[in-house]
Amino acid sequence: MVDAVRRAPEATPAVARARAAAGRAVARVSGRALGPYQSAVVRIGFSATWLFFLLREFPHRGELYGPDGPWSFGLAERLIASNHAFSVLMWSDSGVWFQTVYAVSVLSSLLLMLGWRTRATSVVFMVGVLSLQNRSVFMGDGGDNVIHLMAIYLVLTRCAQVWSLDARRARLRGSASAGAAGPVLWGVLGAVFAYGAVTEGFGLGWLAAFAALWVVGALWWMVDRYEPEGEGRAVLDVLANLVHNAGLLVIMAEVCLIYATAGWYKIQGSRWQDGTALYYPLGLDYFSPWPGLSGVLAGSGTMVMLLSYGTVAVQVAFPFTVFNRRIKNVLLALMMLEHAGIAVLLGLPFFSLAMIAADAVFLPTVFLLWLGARASGGVRRVLPAPDAAPEAPEAPDAAAAAAAAPADPSPSPR
Amino acid sequence: MESNEREPAEADVPQAVPPIDPPVAAAAAAPVPSARPPADPPVEPPAEGAAERATPPRVPGIAGLSAPYRVVTALALAVVGLAACGHLALVFLHVAPSNTVSKQHAQTVDGWIYPEFEQNWKLFAPNPLQQNIAVEVRAEVRSRLGGELIPVGWRDLSAEDGAAIRHGLLPSHTRQNELRRAWDFFTGSHDEDNKPIGERGELSEQYLRRIALSRLTDDGTGARGEIVRIQLRSATRAVPAPPWSDEKTDTQTYYRELPWWTL
């Protein structure tokens, strides 16, 4: 396109350049699902966080979301009648149904983390997250809020291009939709959906959304099976890329909005201005699991001031640094460290995990490749894989490259 | 329900775009193949494996499609792009301070955001909470034997939460959020005289009552007899000013007592 610009410089070079740029942009967003490693790490991060949370709260599941918890079925019914939140738990007040939904939510988190039939499991994951959280809204905190949003956004993304069982299946069997599990899963989910539709368990919007997902799932499978090289498949690919790229953009923008809001509102606070803000949460009984540790940090006025100012500066600055790789990466590392600190110091491990998973969407590909190589190297050392090696040289997709990564010239230090 | 109706917002948009898009897509045809290899080699889609077939490999993206499909996908591009931007704009207006635009479009914003996209990121902002609010409960129990009323003194439920949280890496939501947020919910939906505001006020009252009761039965108060009535109060104590500052903070405990609730 450089030639095109040169050939007609006298006409309107600016227009030609703009056109070429627009053309390139269209080719980019329609030709590929961008950020395969980033979307995969977000998928793994959020599903692992939610899985970890559900397992940790397993002994308290009835108190949190069960029909006889303090936020009883009747109370939830009245609140949901006014706010129309989505929850399949409202379909029945039976204990068996609740246990089933909880178990399915655990299972879907595990499967989404592994990237098994990701298109379907991401939807089940979202339904699980929304159903449990909306059933008892007053049990949640900021961490639940992030998971709630990301569970919805993840449905839009092609988040299993790498680091997933789907990618592995595609590598070994030629297509991610190979095998009987896909159609079976489709049938089961269709039956559940039909039940929900008939018993008016969904609002109009959800009804349309699930119907669309279900139909597209079938269409995708048929095209993939019967004309994998045909134009129909190419069209679906383009559409999926568009939705994925928009979804990824929304995820990134959402993270920026979170930090911008958190930062800009802090600037207005007198405690953030006088540099004592961090001292106060350290003195709250609900947020000081390690009073000794909190006391040590709270004892140093200089430390508290630096951390308070640093927090605000980083949060306000982050959205503006996403266009500068180097500064962005430095701030990213700082924010992840701060969240790791918050996890322990304020006793908010799941909030922190969720925020780190959200931050991860901005991690550089080089770093993620390096991480993947280390992880798969570790896995290989524990259990040697018999079938991955012969496929690797000709397999074109990224998962293969990642699997073969120990041999890769990795640009990062090992 | 309203929040999920994505269709109407998107449906009338694409008509404006088609005249512009096909040529753009066509312009994209040339640069694509040359742009691909250097970008990042490991991320090729698996469809590429068709190289040995007789048909030439399809250019990825809109440019590789036939004319009718280009129109369809270009429309989709416009719809998806506008939907993403629209969503982000509405989320922005939701999290931003109330302003001219968000006031003008309050209904649209709320209609889209609630209930599933609701969010609040004023984390410890504008100022962090600077006081410990403890919820305490006392009760009257009718004894099993004689039938007389036995008073049970104030119990600090938040202190019990605090003890459960202490020295653990993974505090449970039942300890960290349940009572704390229930009290917030109650105070947010009641006036100064503890009169409920609307249905939420009533819901919060029942919620708080159920939490208190379940805590009382857990520790054996219920075993002493039938709980006849309970009373809750909050004890608010400011976190003392930092040792290095010369600020004076009133660290007295202030109580807010709710009326007795008969069960």
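pLDDT is the predictor's confidence in each residue, on a scale from 0 to 100. That is a handy place to begin, since the model in front of you is predicted. Chain A has an average pLDDT of 90, and 90% of its residues score at least 70. Two stretches of chain A call for some care. Over residues 1-5 of chain A the pLDDT stays under 50, and the model gives this stretch 4 contacts beyond four places in sequence. Residues 386-414 of chain A also have a pLDDT below 50, with 41 contacts in the model beyond near neighbours in sequence. Where pLDDT is low, the predicted coordinates should not be read in detail.

Now let us turn to the place where the two chains meet. On one side, 95 residues of chain B are in contact; on the other, 107 residues of chain A. The size of an interface is often given as the accessible area lost when the parts come together. For chain B and chain A, the area buried between them is about 9100 Å², with 66% of it on carbon and sulfur atoms. Within chain B, the residues that lose the most area to chain A are Glu116(B), Trp121(B) and His173(B), which together make up 9% of what that side buries.

What about the polar side of this interface? Between chain B and chain A there are 37 residue pairs in polar contact, counting pairs with both residues at pLDDT 80 or more. Several elements of chain B give two or more residues to the side that touches chain A, among them α2 (21-29), β1 (131-143) and α10 (198-218). The most comes from α4(B), with 11 residues. Sorted by class, this side of chain B has 51 nonpolar, 21 polar and 23 charged residues.

Salt bridges are worth a look too. The count over all chains is 14, and between chain B and chain A it is 3. Arg78(A) is a good residue to zoom in on. Its side chain meets that of Glu202(B) in a salt bridge, at 3.0 Å from N to O. Arg78(A) also forms a salt bridge with Glu199(B), where the closest N and O atoms are 3.2 Å apart. This pair crosses between chains, running from helix α10 of chain B, which holds Glu199(B), to helix α5 (residues 73-83) of chain A, which holds Arg78(A).

Finally, consider the aromatic rings, for which the count over all chains is 33 pairs. In one of them, the ring centres of Phe138(A) and Phe185(B) are 3.9 Å apart and the planes lie at 20 degrees, so the pair is stacked. Phe138(A) sits in the loop between α7 (118-135) and α8 (142-156) of chain A, while Phe185(B) belongs to helix α9 of chain B, so this pair joins two chains.

Key
Residues are numbered from 1 along each chain as its sequence is written. Chains are lettered from A and ligands numbered from 1 in the order in which they are written. Side-chain values use heavy atoms; hydrogens and water are left out. Contact means heavy atoms within 4.5 Å. Buried area is the accessible area (1.4 Å probe) that two parts lose on being put together, summed over both. A salt bridge is a side-chain nitrogen of Lys or Arg within 4 Å of a carboxyl oxygen of Asp or Glu. A polar contact is a pair of N or O atoms within 3.5 Å; within protein, one must be able to donate a hydrogen and the other to accept it, and residues adjacent in sequence count only if both atoms are side-chain atoms. Helices (H or I, at least four residues) and strands (E, at least two) are DSSP runs, numbered from the N terminus. Ala, Val, Leu, Ile, Met, Phe, Trp, Tyr, Cys and Pro count as nonpolar, Asp, Glu, Lys and Arg as charged, and the others, Gly among them, as polar. Rings of Phe, Tyr and Trp (its six-membered ring) pair if their centres lie within 6.5 Å; planes under 30 degrees apart count as stacked, over 60 as edge-to-face and the rest as tilted.
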